[in-house]
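These are my notebook entries on a structure that I am opening for the first time. I put down what I looked up, entry by entry, for a reader who is also new to it.

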Amino acid sequence: MFAIFCRGGLKFTPNRCIFVGQQFWATKYTVFARLCSSSVCENASEKTFTVSYLINSCGLSSNEAVSVSKKLCIKSPQKPDAVLELLREYGFTKAYISKLVIKLPNVILCKCPNQTLLPKLEFFLSIGVPRSVLARKLSVFPFVLRHSLKDSIIPSYNYLKTLLGSDERVVTVFLRAPMAFDCCWAEWNLFPVLKERGVPESNILYLFMCQPTMLMLSKGRLTVYVDRAVEMGFDISKTVFVVAIRVLSNLSESNLKRKMDVFRKYGWSESDISTAFLRCPFCMSLSEKKLMANMEFLVNEFGCKPVHVARNPVILSYNLDKRIKPRCLVAKVLDEKGLKNMNSVSTLLKVTDEVFVKSHIVKYEKDVPELLDIYLGKVEPPVKWVSSRSNI
C-alpha cells in the first residue's frame, strides 16, 4: 500500500511555469511596477518618515515597518493616503491593511488608485464577492492586485466561468483560493485530462470546487495522481475517485508514513489500511493527533476491534469529546443495564444528533433518568470504559 502511495514521490510543489512563460509574468509585473512607483530611501529623513507612516497609518509594528521600509520609500503622504482611504471604503480594517502592506508593499504607492485599484475591487464585487470577504481575502493574498484587470483578471474570470458555469461557482473558487486569479489560463486546461480518463463532468466540477488549487497542477502531476488512484483500486466513475486525487495531492511521503504508522500501532494490517483509504480517503487527511486520540479511545478504551474501525473509517473524523465519547457513554450505560445491545459502533456514531437522542436518550429516560446528564457530561457514568465485547 505504502509503495503505491509513494511511487515516484508523492508531494509536488506547484510552480507558475505551467501556465505561461516567465516573459509574460515579467511584463504584467512591469505594468504593476509602473503604476505603483517605488524607490529606496536615500537619506535618514526619508527612512524615518517611511517607518513612521507604516506604523501610524498602516498599523505595522516597528520591526515590520523597518523591514518593509527596505522595499519602498514614502516621500509624501499624498499617494498612500489616497490608497488607504480607498481601501477603508471597501472594508479593509487596519489589521487587513497591515497584512496587505507587508505582503505587497508597493500597493500603497499606486498612482491614481481610483483608476487602478478601484476597478479591480468593483469587478470582484460585481461578480458577487461580498465586500467584507473581499477585503479579508485580498489581505491574505493581495498579489492578484498586481495584474491588469483587462489582460489578466477578466480573462481568468472568463476561463473559470466557462469551466464552472456560473458566477456563484467562480466566487466560491475565489473564496477558497484567490490565487486562481493570479494565473493566466489561456494556455491551460485540466478539464480534458480528467474527462478523457472517464471521470464524469460532475465529479470534475466537484473536485475543482472543493479544491481550486487542483487547477494549478501541471498535467503531468495530475496524471500521476490519477494513475495512482486507479492503481489503488478506486472506481473512476465514483465521486470518491476525485476525493482520492485531492487527498493524494496534499500528502507528502513523510506525512503519509507517519499516519500509516499510527494505524499499524493500533492493530491495522496493510489490508486494513487499504480498505480504510478506499472507503474514506479523507481519513488520511486527518491530523496524527486526531487519529491517535480517536484510535486510542475506540480500540484501547471502548474495546472496538481495529478491523471494524478500518471498515468504517469515517468515524475517525468525528469529534472525540463532542460526539464519540458522549454517545459511547450512553450506549455503554444502556448495554450494561440490559436495555439496548451495542451491535455496531459505526451505526451508533454515524446517525444524526436528533436520531441518536430519540433512540438512545428519550426512549430510555424513564429507565435511566440521568441519561441526558451523562450524555451532556454533567455526571459521571456508573460504568467502566473498557468493553469485554469483541463484536462492536
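Before counting anything, I note that helices, of at least four residues, and strands, of at least two, are DSSP runs numbered from the N terminus. With that in hand, I find that the secondary structure of the protein chain comes to 22 helices and 0 strands.

**Entry: the model as a whole**

I keep in mind that this is a predicted model. The protein chain averages a pLDDT of 85, and 85% of the residues score at least 70. I marked residues 11-31 for caution, since pLDDT stays under 50 there, although the model has 41 contacts beyond four places in sequence for this stretch. The protein chain has 392 residues, and 47% of them count as buried. I also looked at how the contacts with a separation of 6 or more are spread, and residues 24 or more positions apart account for 76% of them.

**Entry: the nonpolar core**

Which residues touch the most other members of the largest nonpolar core? In this core of 121 residues, I find that they are Phe92, Ile108, Phe124, Phe208, Met284 and Leu298. Helix 19, covering residues 320-336, gives the largest share of this core, with 8 residues. I set beside this the general remark that nonpolar side chains tend to be buried together in soluble globular proteins.

One of the residues named above, Phe208, took me to helix 12 (residues 201-210), where the buried residues are Asn203, Ile204, Leu205, Leu207, Phe208 and Met209. The cover over the buried residues of helix 12 includes helix 9 (149-164), helix 10 (167-176), helix 11 (191-195) and helix 14 (239-250). Cys210, by contrast, is partly exposed, with a relative accessible area of 22%.

**Entry: aromatic rings**

I counted ring pairs whose centres lie within 6.5 Å, and by this rule the count comes to 11 aromatic pairs. The rings of Phe123 and Phe124 have centres 5.8 Å apart and planes at 70 degrees, so I enter this pair as edge-to-face. Phe123 is buried at a relative accessible area of 11%, and Phe124 is buried as well, at 1%. A further edge-to-face pair is that of Phe141 and Phe143, with 5.0 Å from centre to centre and 85 degrees between the planes. Of these, Phe141 counts as buried at 14% relative accessibility, whereas Phe143, at 21%, counts as partly exposed.

Ring pairs also link Phe123, Phe124, Tyr157, Phe174 and Phe181 into a cluster. When I leave out residues up to four places away in sequence, Phe124 touches Val129, Leu134, Val144, Ile153, Phe174 and Phe181.

I then looked for charges over rings. Arg131 lies over the face of Tyr90, at 4.6 Å from the ring centre, and the charged end of Arg323 sits over the ring of Tyr318, 4.2 Å from its centre.

**Entry: Cys112 and the search for disulfides**

How many disulfides are there? The count comes to 0. For Cys112 I can write down why: the closest cysteine sulfur, in Cys110, is 9.9 Å from its own, too far for a bond, where a disulfide would need the sulfur atoms within 2.5 Å. Cys112 is found in the loop between helix 6 (94-103) and helix 7 (113-126), and at 46% relative accessibility it counts as partly exposed. Most residues other than glycine have a negative phi, so I looked at this backbone with some care. Phi of Cys112 is near 50 degrees, which is a positive value in a residue other than glycine.

**Entry: two single residues**

Pro119 is found in helix 7 and counts as partly exposed at 28% relative accessibility. Its C-alpha lies 7.6 Å from that of Leu149, while the two are 30 residues apart in sequence. Leaving aside neighbours within four places in sequence, I find Pro119 in contact with Pro113, Asn114 and Leu149.

Is Thr50 buried or exposed? Thr50 counts as buried, at 0% relative accessibility, and lies in helix 3 (residues 44-56). Residues up to four places away in sequence aside, Thr50 touches Cys41, Ser69, Leu72, Cys73 and Ile74.

Technical notes
Residues are numbered from 1 along each chain as its sequence is written. This is a predicted model: local features need pLDDT of at least 70, side-chain atom pairs count only at pLDDT 80 or more; totals for chains, interfaces and linings use all residues. Side-chain values use heavy atoms; hydrogens and water are left out. Rings of Phe, Tyr and Trp (its six-membered ring) pair if their centres lie within 6.5 Å; planes under 30 degrees apart count as stacked, over 60 as edge-to-face and the rest as tilted. Buried means under 20% relative accessible area, exposed over 50%, partly exposed in between (1.4 Å probe, protein chains only). A charge sits over a ring if NZ of Lys or CZ of Arg is within 6 Å of the ring centre and within 35 degrees of the ring normal. Contact means heavy atoms within 4.5 Å. pLDDT is the predictor's confidence in each residue, from 0 to 100. A nonpolar core is a set of buried Ala, Val, Leu, Ile, Met, Phe, Trp, Tyr and Cys residues joined through side-chain atoms within 4.5 Å.
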